[in-house]
Each structure stands twice: as structure tokens, then as C-alpha cells.
Amino acid sequence: MFNHATRGGRFVRRSRAFRGVAVTVSVLLALSTVELGAQRKSGGGSVKQSRSASSNAGANKSNNYNRSTNATPNRNTNANTNVNRNNNNTNVNVNNVNVNRNTNVNRNTNVNNAGYYGRPGAVVAGEEGAVAVGRRGAVAVGEEGFVGVGRYGGVVSGEVYDSYEGWKVAAGVAVGVAGGIAIGTMLARPPAASVTVVSSGTNYMYAEGAYYEQVMYGGEVTYRVVEAPPGVIITTLPSGCNSTTVSGVAVSQCGNTYYQRVSNGYKVVVF
Amino acid sequence: MSPRLQHTLQLFIVVVVIAGAACNRQQALNPEAASAKGDALLREMSKNMAAVQTFAYTVDERRQIPGGTQGEKKMTRQVTVRRPNALAFTGKGDRGETAGWYDGKQLTLVSHRDKVWARGPMPPTLDEALDFLSDEYDVEMPTADVLYSSPYDAFMTKDTTGGWVDTQKIGDRSCEHLAYRQPVVDWEIWLSTDRSLPCQLKVTYKQIPGTPSTLVTYHGIENPQVTDDTFKPKVPDGYHRIKIIRRATVIDPKLDEPAPASADAPTPGGKQIK
């Protein structure tokens, strides 16, 4: 159902009319995840659970709560055309296109609390429980062994807000809304204006340029911001998109997401 | 009414009031005695709960957030436990209808409102599972304390103060009222006078804005007949599986040292379930 294998890392090689034509598209997705400094916790645990949550999750006893969020999308598109000829061999390399998409979401949460210090990385496991730790972030090896998230496991990489409006208020106060809602952020309920879209048989919610998947967190269904699922079609582009051309294809770039115009709207494409 | 009868009635009322006051004075214990009595009652409850291998109960949970925008949330939960490693529950309330199963290996959760389900790994014993639920899956379960193999140890810490308060009626049951304070929470428990089993539990979360509280009322604790099937997940046809998200694992600051030679090499700190 959730095939992150194609999203965590992709290596595509195609041969068409010309020998030696190589189109290599690699997508490097680096996610730096965090501890959950702010919690959805609003009370409801047992006595022991509450003690544990307080000591482990940072109850902010010293009232110092420092958060810095940097969402820095970097995109480099390099198109190289190399033609090498001699009398005997003809090698034509066209469209040697390397698209390096680096998405770095750096969120550092420092909770100063007696006996507790945050760490610039957090670890969770996929369904099989395999865990690997990268120093600068969480790397979870999931059910299918891919770096990223497990097939059914997930990496907690964001905070939980009661609603989209609640996130707006919090983000507006704390870090500024300009960057949009970060991947990994979770909402207790989807944005009011969201619509259901489908990719590879999986339903997502879409609103204002962000895609949400249903996940189970805290024993409740929660909506988690994810990368735009390839193949999804939306009827209207979000605001702030630019027209560009990638690999000869005219697309609209909206943040880190590319949309290709199709008959019934705009389709998410990945290069 | 004759004056004599009137005087008799007045005398009766005075006697009742005095008797009531005397009774109250009997209930008021000095702090040491109240602490000792509360401790003894709590240990008895702990012993009783630990002794029963299979039990089930129904509770009404009310989560109150004074002055908050969310107001009060209610849920009725039915829980069946088989020590040492099985638990099943259903819940119905303001947050929809849910069900869950723990079988010593996995946790399966179903949301009937959303027609979805999720599954994740779990430790092999109930004690570990209750910790894991909270620490890793962030599941809040206000009744968890009484499910441990030693409820007393789940409730009590060295910095806990309090003890027996009085005897109260919870529904039609006579229950001993105990109240305690801890740095993080204040909690009260009412134990049935006759069986020393939980009648009611209230936890007030002092470090959460608004100091919300959860009030859990038990409708009896029973010894049902259960089979392995009781703890087998029952996911209705057509429900979609979704990911279960685990909380980030807190890593000891001592481990925050120079990076290992290989970025791929696992480092200690992440909890693993084998």
C-alpha cells in the first residue's frame, strides 16, 4: 500500500534511440528528524506514563525552549551533452541529466530540562524493528530494507498540532509561515479545505500545496505531511509556482514539487 | 404536631448532627496515620490486582481541560487482560470508536471511524508493553497503572506524599478515598472497601497548561472466560492499513559524542524489538 521504496531513493536508467544515452536520475532525500519537543499531550496518561513523559520528553522545567526551524530546499539541475566521435566508434551521449534534489529539513529542538538534553537526531523503527542511527538524523531501515522510512513504520519528524489553523498560529508565532508546513508535521485532523487525492491506490489529503497521509500516532488517526506523491493530479496549482523546463518537459515548480499540465489538471512528476 | 413530638424531633436531629460530626472526627487521621493507612490499602489493591491472571473491566473516562477549548472528552473503554502478555480493548466516545489487541508480539489498532488499521512491534510482557505504549507509540492509557504486575510500584515514588482521606460512595459502592501528590501529577484513587479494587481514579496533570485531569470510573472488575481468540486482531474487511508512527527515542547525552567511523553503523540508544 505504501511503497516508499520508490520515494526514498530512485535510480533510473533508460536506453532509447541512441546507444550510450544515459539518463540518470537520482534523488537523494535526506531527512533530518528531531525529537518531539512539543507534544500533543494534553493529559490522559496514567501516573507512571506521565512521570515517564515528563522525564523523557522534556517537560520544559526550566522554561527555556529554543526552537529553530530551517527548511532549505536546494535544487541543482545540470544538463550536459557530450558527443565523442572517431572514425570507428560513434558514441553520442545526449541528455546526460543529473537532477540532484536535496531536501534538508533541519529542525533543532533544544529543550533545557534537568537531566535531559535533546539530540539532533531521533530514531524509530520500521515494522521489523530494525534501527540504524545516523548522527545527523534518523535513519530508519524499514521492512524492505530501504533507507528512509519502513513500509509501515514511520519516522517521527515533526510536531503534532490539533489543526492546520493551530499550526498556522504556532508557526506564525515561532518561525514564520513563509516556508509552508514542513514534511513530517502532523495534524490531529486534516485542513478544512483539503480534498482526497489518490496515488498508487493510496489516499492522500491535499490542501494548499501540502499532502497528508493518514498515520496512527498516539493511538489515534493523525494526518502527516509527506512529499508530493508522484502521479497525483490536482485541479489547481497552489500559489507561488514558477514555470520551468526539466528534461525538455514544461512543468510548474511549486516549492520542491513539479507539476505537469494534463487534461484534467496538474500531475505531480518526479525527475 | 404536638410540642412534645416537636422537641423529640429536634433532639433527634441534634443527636444525628453530633453523631455525624463525631464520625467525621474519627475519619480525620493525622498525616502519618493517613499515610500509613493509604499505603496499606494501596498495597492490598496491588496484591489483589497482581494475583488475578485474567480480568476485564469497563471504565468511563472523562478528560477535563479547565478553561480549554477542547472542553471535556468522554470515552467508555472495555479492557480484557491476560497476564503476562495479552490485552484487548475497545473504546467508544468523543474520539470515535477504536479497538486494539496486544498478543505479546504486536500491537494492532483499528479506527472504525476512519476505517483504517495499523500494526507495530511490541515487547513480550505486559509490563514492558505498557511502558512501550507510552514511550514509543505515545498512547495515553490512564488505567495503565493498575495493569502492571505491581500497581503499587507504578503509582508510588519516593517523592510521593499523601494517604487516606475518607470513605466515599462511588455509585452504590463504598470506597476508600486516597489522595497523593507528585511533582508531575496529583492523583486520587478510590478503592472498594470490601475488595480493595479500584472504584475510581483521578489524575491531574500539573505540568500541562490548564492542568487537565482524567477521571476514570470503574464499573467492576470481573474474571471473564477468555480464549486465545480474544486477543487475536479482528480487522473488518475493507479497512486500509496505515503506518504506525513511533516517537523519537531519547538518547542519553553521553552518547552525543563524535560521529562513528561509519555513518551506517548502528549506534546504541535506539530501542530495538527483537
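These are my notebook entries on a predicted model of chain A.

**Confidence.** I started with how far the predictor trusts its own model. The mean pLDDT of chain A is 58, and 42% of the residues get to 70 or more. I then looked up where the low values sit. Residues 1–40 of chain A stay under 50 throughout, yet the model still gives this stretch 106 contacts beyond four places in sequence. Residues 57–157 of chain A are below 50 too, with 239 contacts in the model beyond near neighbours in sequence. I'm noting both stretches alongside their pLDDT.

**Overall make-up.** Next I checked the elements: chain A has three helices and 18 strands. Of its 271 residues, 39% count as buried. I also looked at contacts with a separation of 6 or more in chain A, and 58% of them come from residues 24 or more positions apart.

**One sheet.** Then I picked a sheet to follow. Which order do its strands take? I read β14-β18-β17-β16-β15 in chain A, an open sheet of five strands with antiparallel pairing. The edges are β14 (233–234) and β15 (242–246) of chain A. Each has a single partner strand, so one side of each has no neighbour in the sheet.

**One pair in that sheet.** Last, I went into β17 and β18 of chain A. Strand β17 covers residues 257–262 and β18 covers residues 265–269; they run antiparallel, joined by five bridges. What is the bridge partner of A:Tyr258 in β18(A)? I found A:Val269 there.

Conventions: Residues are numbered from 1 along each chain as its sequence is written. Chains are lettered from A and ligands numbered from 1 in the order in which they are written. This is a predicted model: local features need pLDDT of at least 70, side-chain atom pairs count only at pLDDT 80 or more; totals for chains, interfaces and linings use all residues. Two strands pair if DSSP finds at least two bridges between them. Helices (H or I, at least four residues) and strands (E, at least two) are DSSP runs, numbered from the N terminus. pLDDT is the predictor's confidence in each residue, from 0 to 100. Two residues are in contact if their C-beta atoms, placed from the backbone, lie within 7 Å. A residue is buried if 20 or more other C-beta atoms lie within 10 Å of its own, exposed if 12 or fewer, and partly exposed in between; C-beta atoms are placed from the backbone.
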